[in-house]
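Trainee: Could you take a close look at one part of this model with me? I'd like to go through the place where the two chains meet, and what sits around it.

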Amino acid sequence: MFPFCFEWKWDPDHFIFLGFLYLVLIIIGTGLGIAFLKTSAQVLGFMRERHFDH
Amino acid sequence: MNPFDAALFPEGTKRCSLKLFIAWNIPWILLLLWGLVGAVLCLYKGLNQTNMTDYFAFALWIVFDLAVIALGAGAFFTGFLTYIIGKKELKDIINAAVLIGFICYSGAIAMLGIDIGQPLRGWFIFWHVNVHSMLAEVSFCITAYLGVLAIEYLPIILENRQIQRIKELRLFGNNLHEIMAMFAATGTFLSFFHQGSLGGLFGVMYARPFAYREGFYVWPWTFFLFVLSAIAAGPCFTILCTRLAEFITRKKLVPDKAVQTLAKIAAYLTGIYVLLKIVDTLVWAYKLTPKAGLTLMDYYKEGPYGIWLLIAEVIIFGIIPAIILLIPKARQHPGWLVVACLMNCTGIVLNRFVFTVVTLAIPVMPFGRFVSYWPTWQEWGIALALVGYGFLLFSLSYRYLPLFPKERELNP
């Protein structure tokens with residue numbers, strides 16, 4: 001549900017509940033985005049490959 | 001040994017022949033097929049294929065869901081201990097924990113897809129959300145957490161020997177590994193709330209004194225007890241699965257240090273959980289139940305669910321495994337560790353069964369009668385398909401992915 005939907009109410013309950021959901025989705029999306037951008041930069045030669053110890 | 005198959009094995013490891021591997025997987029594939037038949041019938045003909053009624057809207061599938069979600073908590077909790085607390089020795093078991101979590105959550109969500117009756121309307125709970133509903137919170141969190149688990153599982157898949165040859169995928173896997181702490185923290189946040197809300201949704205049922213509990217602010221005590229029981233049983237289930245894998249493969253797969261760290265943490269958590277569960281049971285029996293005009297034995301006077309359930313849950317599968325795990329010499333003994341973990345996991349499954357089925361079976365009106373329920377073969381098939389799916393995915397992952405990083409070192 002987005003704030004422009006008719007069911008949305010401008011109250012703390014909607015802010016907290018959906019605010020946390022979108023925060024989590026933004027974090028997950030950002031993480032994936034960072035990994036994708038770093039990979040692209042490394043493949044294209046703009047960044048060196050790091051040897052990461054798992 | 002098939003050379004094409006052997007080329008996919010992790011570097012320097014030995015695996016059984018392809019024929020034996022296929023034979024091992026036949027029972028799991030049959031279980032999956034049984035579930036598939038049940039699922040097709042439920043989707044095509046509807047939920048009349050089950051013995052669920054308006055009275056028993058939560059049944060076998062929800063018991064399985066709640067149980068596997070609690071047992072799968074090892075993934076988020078091991079991730080939290082490894083990446084946030086910094087228990088480096090758990091890196092030797094984290095891959096297996098993530099896989100077990102992924103199996104549990106993906107299986108639970110697939111089963112919920114059938115349980116809701118009309119999966120095409122499954123998105124309604126996300127879009128037309130009731131922000132005061134604990135069930136809505138659970139739906140949001142388990143879906144988002146399955147995404148996190150998939151992201152955590154992806155680098156393990158990308159570590160396959162042949163996939164590693166593809167530079168782009170190898171780099172992507174490495175880059176995901178580098179920011180795993182961020183996903184682990186997100187997973188911890190999501191898991192805390194959905195494990196809690198699964199308990200909370202029973203605790204807020206004011207009209208059902210068997211489940212109703214008082215609490216802190218909007219959260220009944222069952223919220224905290226479910227979180228605690230999940231983080232106590234989850235690591236035990238991870239230990240059990242790795243021990244089973246070691247028994248079947250006849251190899252040592254995880255260093256003792258990692259298992260003992262996990263067992264020690266599980267011991268303290270189980271101890272605290274059992275203590276709080278006893279307090280909760282006493283308050284419920286001597287304060288809340290009389291307040292509702294009932295006595296404790298009123299809950300157990302009809303049907304097959306007698307007081308033995310309470311004794312089994314709290315004493316046999318609660319206090320006893322807690323004591324075994326809390327004694328250092330006992331948890332260091334391989335046999336006792338497995339027994340304690342098995343009992344701990346059984347206790348948590350029993351707890352989820354009691355809250356789901358017994359809560360609904362007990363009448364709440366003076367004219368109400370005890371209602372019993374037994375699942376149909378379609379329900380059993382769909383529930384047991386999760387077991388088949390779990391064995392199949394674990395077996396495939398063990399064969400082709402570096403699930404246990406120390407396997408080569410431990411089996412020279």
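Mentor: Sure, let's start with the contact and then go through each chain in turn.

Keep in mind that this is a predicted model. The contact between the chains draws on 22 residues from chain A and 25 residues from chain B. On the chain B side, three helices each give at least two residues: H7 (134-158), H8 (167-178) and H9 (180-203). H8(B) makes the largest share of that side, with nine residues. Sort the side of chain B that touches chain A by class and you get 15 nonpolar residues, seven polar and three charged.

Now for the partner. Chain A has one helix and zero strands. Its radius of gyration is 18 Å, while the globule rule gives 10 Å for 54 residues, so chain A is more spread out than a compact globule. Along the principal axes, the C-alpha trace of chain A spans about 50 × 25 × 10 Å. Just 13% of the 54 residues in chain A count as buried.

Back in chain B, have a look at a helix pair too. H3 (residues 60-71) and H5 (residues 94-115) of chain B have axes 9 Å apart and pack at an angle of about 160 degrees. Anything over 145 degrees counts as roughly antiparallel, and H3(B) and H5(B) are therefore roughly antiparallel to each other. The crossing of H3(B) past H5(B) is left-handed. From H3(B), the residues involved include B:Trp61, B:Phe64 and B:Val68, and the H5(B) residues they meet include B:Tyr105, B:Met111 and B:Leu112. By class, the contact of H3(B) with H5(B) has 10 nonpolar residues, one polar and two charged.

Technical notes:
Residues numbered from 1 in each chain as written. Chains lettered and ligands numbered in written order. Predicted model: local features only at pLDDT ≥ 70, side-chain atom pairs only at ≥ 80, totals over all residues. Contact = placed C-beta atoms within 7 Å. Helix = DSSP H or I, 4+ residues; strand = E, 2+ residues; numbered from the N terminus. Nonpolar A, V, L, I, M, F, W, Y, C, P; charged D, E, K, R; others polar. Axes fitted to C-alpha atoms, helices over the stretch in contact; angles between N-to-C directions. Parallel < 35°, antiparallel > 145°, perpendicular 65-115°, else oblique. Left-handed = near helix turned anticlockwise from the far one by under 90°. Rg over C-alpha atoms; globule rule 2.2 N^0.38 Å. Buried ≥ 20, exposed ≤ 12 C-beta atoms within 10 Å, placed from the backbone.
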